[in-house]
Amino acid sequence: MTPPIRVLLAKPGLDGHDRGAKVIARALRDAGMEVIYTGLRQTPEMIVNAALQEDVRVIGLSILSGAHNAIVPRVMELLREREMTAVKVIVGGIIPDEDARELQRLGVFRVFQPGASLDAIVSGVREATNC
Amino acid sequence: MAGTGRNFSTSGGIPVEAAYGPEDSGQPAPPPGEFPYTRGIHETMYRGRLWTMRQFSGFSTPEETNQRYRYLLQQGQTGLSVAFDLPTLMGYDADDPLAAGEVGRCGVPISSLEDMETLFDGISLADISVSMTINSPAAAIWAMYLVVAEKQGAEPARISGTLQNDILKEYIAQKEYIYPPRPSLRLVTDTIEFGVRHTPRFNPISISGYHIREAGSTALQELAFTLRDGLEYADWAIGRGMAVDEFAPRFSFFFNAHNDFFEEIAKYRAARKLWAELMRERYGTKDERSLKLRFHAQTAGCSLTWQQPYNNVVRTTLQAMAAVLGGAQSLHTNSLDEAWALPSEDAATLALRTQQVIAYESGIPAEPDPFGGSYFVEHLTTQLEAGAREYIAKIDGMGGMIPAIEKGYPQAEIARASYDYQRKVEAGEVTVVGVNRFQETETAAPEILRIESSAEAMQIEKLRRLRAKRNNEESTRTLNALKRAAETNANLMPPMLDAVRAYATLGEICAALKDIFGTWEERPQI
């Protein structure tokens, strides 16, 4: 049996709206994954450190505040600096199309916009660990 | 309404029978304007005065938001409602490293009195009511507002508006807290006391179920937790030595207007009835101003879909109708593009027009509580009231809302309800049009508002100039005085006003209080 996929779920930035993050944490757990939820107001540094310590294969970032263009590039940069590019990053939130394309260009594995189904998100995390 | 086939229930899971009759509706409620106000707080309701059309907005910079306010007032909006950005909501200045990337994104940045002066430039605060959605830093933001009013020459007794200032629902749902619960409640009580003494037309608190519902609660949980929060604030005010009839008339409420049409109407009716009864039972008041629950409603942001965004206009219309049929005193209607971004000007205008059509074309406002006496609505009202009393008794049993929050009780109840709902959507047990049924392959993007990142740089530069030109000795002196007062039981509004007049920044004021009060961290749980 393969060990379960370990996922770090984080809410970066100042926003406290954690409904989505919590629902996704439960859905990933129900799908058999091990989920580490960081809680609120994590800086990119805190998130990358936690990903290293927890030895996760996927980082999920939930951002609803519009601050994704400031936060996500910094996370990607830190992952590169620490040679952790094997860790895949998935972003979910209110992300306009144009910004989603730019985040993927920076190396984000997938961006889930509002209305994405839990099924699609679970599959997305699985795919991230298969490449 | 959930259920296809045999089992019908409300969105919150109250079973719905095939048909209700006279035996289900209980004793007829007294007419509108009479205790316990189930049917409305005024005898004639909207015949006397329509609800206030109050669209929440703020973005980018104080200058741009000021322009949007002037536009909305020209379009016939009758009150203002300020949306602050996240750094402001969390008590950080625009130039704080933690604010990077967030300045002006979800609202207007207000770091000092200077920003507040710009925000209301050319808008007379003596003549318009202003609602401010601010919680942890509410006392400081209110102090800035009061000083702007003072500089405009507005009499404190004349200014009107509402401060959200409901910290309990932050711990429960929205999570924009700074200090631990007890010092936060002390600050709330300070503002209530100050308001009672000096600004009799201003609501110092808006006890909010809106965010509880947006976090995924049921209608029943929204109702129950909100009223229990209200009792907590009342207990603190009484603990401060105020008489119930001094402060309770200034309490206002804020509820969600969600999809389940009849359940929502029943929720507002049950809220009024329950609040009036609780105020009488617990505090023995007979003053009708203390018994009447006044509320603002906002349509449900969480019901808006990214797919087929024009469907959101229809959802918002139905939700707004429920709020009006339920007797709201003021209303915000959401814009169709809010699952995409902050509203564009066109979308915000259409949202306001939606209210105007209901107000002036539908005929609904002619009759108070048109669903009063409906077997079904009366039955739901009774069910919600009974369910809320159970929740309230349970929280009483925990020792009140603060111990309940510390245990994580309301938080866990809401998380459970929100996951249940999402699973039902996934399983197709709940239909969301355009999302899990009647889908289209392509979603046409609406024209969205883009916030230029130059807004952040502008705010940072303004703060740099402010810090250079103000009297720094005076701002430091007033901040120290605020800290010393925080160590005593003194009301913090007077030293807060002094600090604001000296152009101490929001971040400086909140940092000073953190030194004394400490901060609050939630234990992450899923």
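**Close-up 1. Strand β8 of chain B and the two faces of its residues.** In strand β8(B), B:Phe295, B:Ala297 and B:Thr299 point one way while B:His296 and B:Gln298 point the other way, and all of them are buried. The model shown here and in every other view is a predicted one. Because five of the five residues of β8(B) are buried, this strand is largely enclosed by the rest of the structure. A student who follows the side chains along the strand can therefore find buried residues on either face, since B:His296 and B:Gln298 are buried as well as B:Phe295, B:Ala297 and B:Thr299.

**Close-up 2. The partners of β8 within the sheet of chain B.** Strand β8 (residues 295–299) of chain B pairs with β9(B) in the parallel sense, over three bridges. Within this pairing B:Ala297 stands opposite B:Leu331 in β9(B), and the bridge partner of B:His296 in β9(B) is B:Ser330. Strand β7 (residues 251–257) of chain B is also joined to β8(B), by five bridges, and these two strands run parallel. Here the bridge partner of B:Phe253 is B:Phe295 of β8(B). The connection from β8(B) to β9(B) can be followed through helix α12 (residues 311–325) of chain B, and the three elements together make a right-handed β-α-β unit.

**Close-up 3. The whole sheet of chain B, from edge to edge.** The strands β5-β4-β3-β2-β1-β9-β8-β7-β6 of chain B, given here in their order across the sheet, form an open sheet of nine strands with parallel pairing. Strands β5 (202–203) and β6 (205–208) of chain B stand at the edges with a single partner strand each, so one side of each is left without a neighbour in the sheet.

**Close-up 4. The surroundings of B:Thr333.** B:Thr333 is placed in the loop between β9 (330–332) and α13 (345–360) of chain B. Is this residue buried or exposed? B:Thr333 is buried, because 27 other C-beta atoms lie within 10 Å, and a residue counts as buried when that number is 20 or more. Apart from its neighbours within four places in sequence, B:Thr333 is in contact with B:Thr299, B:Thr316, B:Ala320, B:Ala351, B:Leu352, B:Thr354 and B:Gln355. One of these contacts, B:Thr299, belongs to the residues described in strand β8(B). From C-alpha to C-alpha, B:Thr333 and B:Asn203 are 21 Å apart in space, and in sequence they are 130 residues apart.

**Close-up 5. B:Glu63 in helix α1 of chain B.** B:Glu63 lies in helix α1 (residues 62–74) of chain B. With 15 other C-beta atoms within 10 Å, B:Glu63 is partly exposed. B:Glu63 and B:Leu220 are separated by 157 residues in sequence and, C-alpha to C-alpha, by 41 Å in space.

**Close-up 6. The two domains of chain B and the core between them.** The domain assignment of chain B gives domain 1 (22–427) and domain 2 (462–517), and the C-alpha centres of these two domains lie 29 Å apart. Their contact takes 28 residues from domain 1 of chain B and 18 residues from domain 2 of chain B. On the side of domain 1 that touches domain 2, the elements giving two or more residues are α3 (113–119), α4 (138–152) and α6 (181–198) of chain B. The residues on that side of domain 1 divide into 17 nonpolar, five polar and six charged. In the largest nonpolar core, which has 184 residues, B:Met496 and B:Ile509 touch the most other members. Domain 1 and domain 2 of chain B both give residues to this core, so the core lies between them. Leaving aside its neighbours within four places in sequence, B:Ile509 is in contact with residues including B:Ala140, B:Leu479 and B:Met496.

**Close-up 7. The contact between chain A and chain B.** Chain B gives 32 residues to this contact and chain A gives 31 residues. On the side of chain B that touches chain A, α2 (86–89) and α16 (409–427) are the elements of chain B that give two or more residues. Of these, α16(B) gives the most, with five residues. The residues on this side of chain B divide into 19 nonpolar, seven polar and six charged.

**Close-up 8. A β-α-β unit in chain A.** Strand β1 (residues 6–10) of chain A pairs with β2(A) in the parallel sense over four bridges, and A:Leu9 stands opposite A:Tyr37 in β2(A). Together with helix α1 (residues 19–30) of chain A, β1(A) and β2(A) make a right-handed β-α-β unit. Strand β2 (residues 34–37) of chain A has A:Val35 and A:Tyr37 on a covered face, whereas A:Glu34 and A:Ile36 are on an uncovered one.

Methods. Residues are numbered from 1 along each chain as its sequence is written. Chains are lettered from A and ligands numbered from 1 in the order in which they are written. This is a predicted model: local features need pLDDT of at least 70, side-chain atom pairs count only at pLDDT 80 or more; totals for chains, interfaces and linings use all residues. A residue is buried if 20 or more other C-beta atoms lie within 10 Å of its own, exposed if 12 or fewer, and partly exposed in between; C-beta atoms are placed from the backbone. Two strands pair if DSSP finds at least two bridges between them. A crossover is right-handed if, with the strands pointing away from the viewer, the path from the first strand over the helix to the second runs clockwise. A nonpolar core is a set of buried Ala, Val, Leu, Ile, Met, Phe, Trp, Tyr and Cys residues joined through C-beta atoms within 7 Å. Domain bounds come from an automatic or database domain assignment. Two residues are in contact if their C-beta atoms, placed from the backbone, lie within 7 Å. Ala, Val, Leu, Ile, Met, Phe, Trp, Tyr, Cys and Pro count as nonpolar, Asp, Glu, Lys and Arg as charged, and the others, Gly among them, as polar.
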